[in-house]
Amino acid sequence: MKILRLKKGFRRSNSHLWIFANEIEDNLKKYEIGELVEVTTSNNRFFGIGYINPHSLIAVRIISRQKKEIDKSFIENIISKAYEYRKVIGYTRYDAFRLFYSESDGLPGLIIDKYGSFICMSVLTAGVERIKDMIFQVLIDMFHPTAIIERNESPFRLQEGLENYSRVVFGKYDGLTVIDEQGIKFAVDLLEGQKTGFFLDQRENRLFLRELLMGRKVEKALDCFSYSGGWGLNMAKATDSEVICVDSSKKALELVNKNARINKLNIKTETADVFDFLKGCHSRGEKFDCIVLDPPAFIKSRTKIKEGIKGYKEINQRAMRLLKTGGILVTSSCSHHMTGELFLEVLKSSAQDAGKVFRVIHKGSQSKDHPVLLSMSETDYLKTIFLENIG
Ligand code: SAH
């Protein structure tokens, strides 16, 4: 394994797992893309083992703080630890859960989701690409899956010089699979659906909403940016209200309709841009008892913060206007650059513009199978705020 020396003065606490190109003393040209390196400080003290991408701003990602072989038993160890944790938090009883969450589980660039006997894996970096065959083997030995599906579609891959594609790498997968998510069934498209097929990170928040709505008088509810209806079906299950799911993707709404049928729940769908849809509701004078806003990340990079905030502010302010007194707004941001504090500021100013008073009932975050690495705020991305309109 080649040695890679850090610059003098590199003082960062060693629990952040990324090393940037400008923090490295050695000439990056002598390394191959994705190769393992032994990182040392400028005075030759061992720092960690990582993998390198000489073409990326994030040049090295650390995968071990101890000197050890990065072999099959290393992979077995981290994956079984990740699984044990999901067992302890009770998540292995669910059909679907995130089995491995990148940095937070000890291997930056690797995501593994388990859907019943199917496994979906996303490889986000050149370093993981190099060792992925070992990972497949470990998954096969450990879980005996019916199939492993590689969902390698991400802008991060393109930045790493990798291609985007999805494919079945092991076993047989014929199309949709159905998961039971706390008593609600969802058809999940593991090969072509968004993310790896389902947004697993809102599990606890959706359940919180279901419980919150049970026993409340809810006549009309709206699920904006619904994808396959993760929130909408929960609202329909908790109440006998009219639920409308809105998404710009026809394919997503086909899944909503399918899921509504499987669960015998009454849900309407609207293919529309949420911004326009909310405007339309306002001009028709429609009001709702519960609205969910769970959009894609509006802030994709630090340079886009201002623009993104504008988007969040607009949808929140519009949704707030459409709520009845006593109504609930569930509003999310999955942009890592939007801190929890900033999001609350945005909501505060949206409420001011809407001329309404809200109280915060609950501040939710990503599900426990997406743990946050304390030293890396990048792993902490989801904010889901529950607001009640009190006048
Ligand atoms: N709430 C979903 C996840 C949402 S993902 C769940 O719980 O599973 C974001 C969704 O927003 C995607 O389905 C995407 O198609 C949709 N989308 C993105 N921009 C949109 C827009 N401007 N109007 C409507 N839908 C949009």
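User: Is Lys 217 buried or exposed?
Analyst: Its relative accessible area is 67%. Buried means under 20%, exposed over 50%, and partly exposed lies in between (1.4 Å probe, protein chains only). At 67%, Lys 217 is therefore exposed.

User: What kind of model is this?
Analyst: Residues are numbered from 1 along each chain as its sequence is written, and side-chain values use heavy atoms, with hydrogens and water left out. Local features need pLDDT of at least 70, side-chain atom pairs count only at pLDDT 80 or more, and totals for chains, interfaces and linings use all residues: this is a predicted model.

User: Which residue forms a salt bridge with Glu 219?
Analyst: A salt bridge needs a side-chain nitrogen of Lys or Arg within 4 Å of a carboxyl oxygen of Asp or Glu. Glu 219 is partly exposed, at 44% relative accessible area. Its closest N and O atoms in the bridge are 3.2 Å apart, and the partner is Lys 217.

User: Which residues do salt bridges with shared partners join into one network?
Analyst: Sharing of partners is what links the bridges here. The one network holds Glu 129, Lys 132, Glu 150, Arg 157 and Arg 167.

User: How many residues apart in the chain are Glu 129 and Arg 157?
Analyst: These two form a salt bridge, with the closest N and O atoms 3.0 Å apart. Glu 129 belongs to helix α2 (residues 126-143) and Arg 157 to helix α3 (residues 155-159), where a helix is a DSSP run (H or I) of at least four residues, a strand (E) one of at least two, and both are numbered from the N terminus. The pair links distant parts of the chain, and the gap is 28 residues.

User: Where does Lys 67 lie, given that it pairs with Glu 38?
Analyst: Glu 38 and Lys 67 form a salt bridge at 3.5 Å between the closest N and O atoms. Glu 38 is in strand β3 (residues 36-40), 29 residues from its partner, and Lys 67 is in the loop between β5 (58-64) and α1 (72-88).

User: Which residue of the Glu 38 and Lys 67 pair is buried, and which is exposed?
Analyst: Glu 38 has a relative accessible area of 16%, so it is buried. Lys 67 has 57%, so it is exposed. The buried one is Glu 38, and the exposed one is Lys 67.

User: How many salt bridges does the structure have by this rule?
Analyst: The pairs with Glu 219, Glu 129 and Glu 38 are among them. The count comes to 32.

User: What kind of aromatic pair do Tyr 91 and Tyr 94 form?
Analyst: Rings of Phe, Tyr and Trp (its six-membered ring) pair if their centres lie within 6.5 Å; planes under 30 degrees apart are stacked, over 60 edge-to-face, and the rest tilted. The whole structure has twelve aromatic pairs. In this one the centres are 5.2 Å apart and the planes stand at 90 degrees, which makes it edge-to-face.

User: How far apart in sequence are the parts that Phe 208 and Phe 386 tie together?
Analyst: Their ring centres are 4.8 Å apart and their planes are at 75 degrees, so this pair is edge-to-face. Phe 208 lies in helix α4 (residues 203-213) and Phe 386 in strand β19 (residues 383-389), so the parts tied together are separated by 178 residues.

User: Which residue lies over the face of Tyr 94?
Analyst: A charge sits over a ring if NZ of Lys or CZ of Arg is within 6 Å of the ring centre and within 35 degrees of the ring normal. Tyr 94 is buried, at 13% relative accessible area. At 3.9 Å from the ring centre lies Arg 203.

User: Which residue stands opposite Trp 18 in β5?
Analyst: β2 and β5 pair in the antiparallel sense over three bridges, and two strands pair if DSSP finds at least two bridges between them. One residue also lies over the face of Trp 18, at 5.6 Å from the ring centre: Arg 61. The residue opposite Trp 18 is likewise Arg 61.

User: Which are the edge strands of the five-stranded open sheet?
Analyst: The order is β1-β3-β4-β5-β2, with mixed pairing. Each edge strand pairs on one side only, and these are β1 (2-5) and β2 (18-20).

User: Why does Cys 245 form no disulfide?
Analyst: A disulfide needs two cysteine sulfur atoms within 2.5 Å. Cys 245 is buried, at 0% relative accessible area. The closest cysteine sulfur, in Cys 224, is too far for a bond, because the distance is 9.3 Å.

User: How many disulfides does the structure hold?
Analyst: Cys 281 is also buried, at 0%. Its sulfur is 7.7 Å from the closest one, in Cys 224, so no bond forms there. The number of disulfides is zero.
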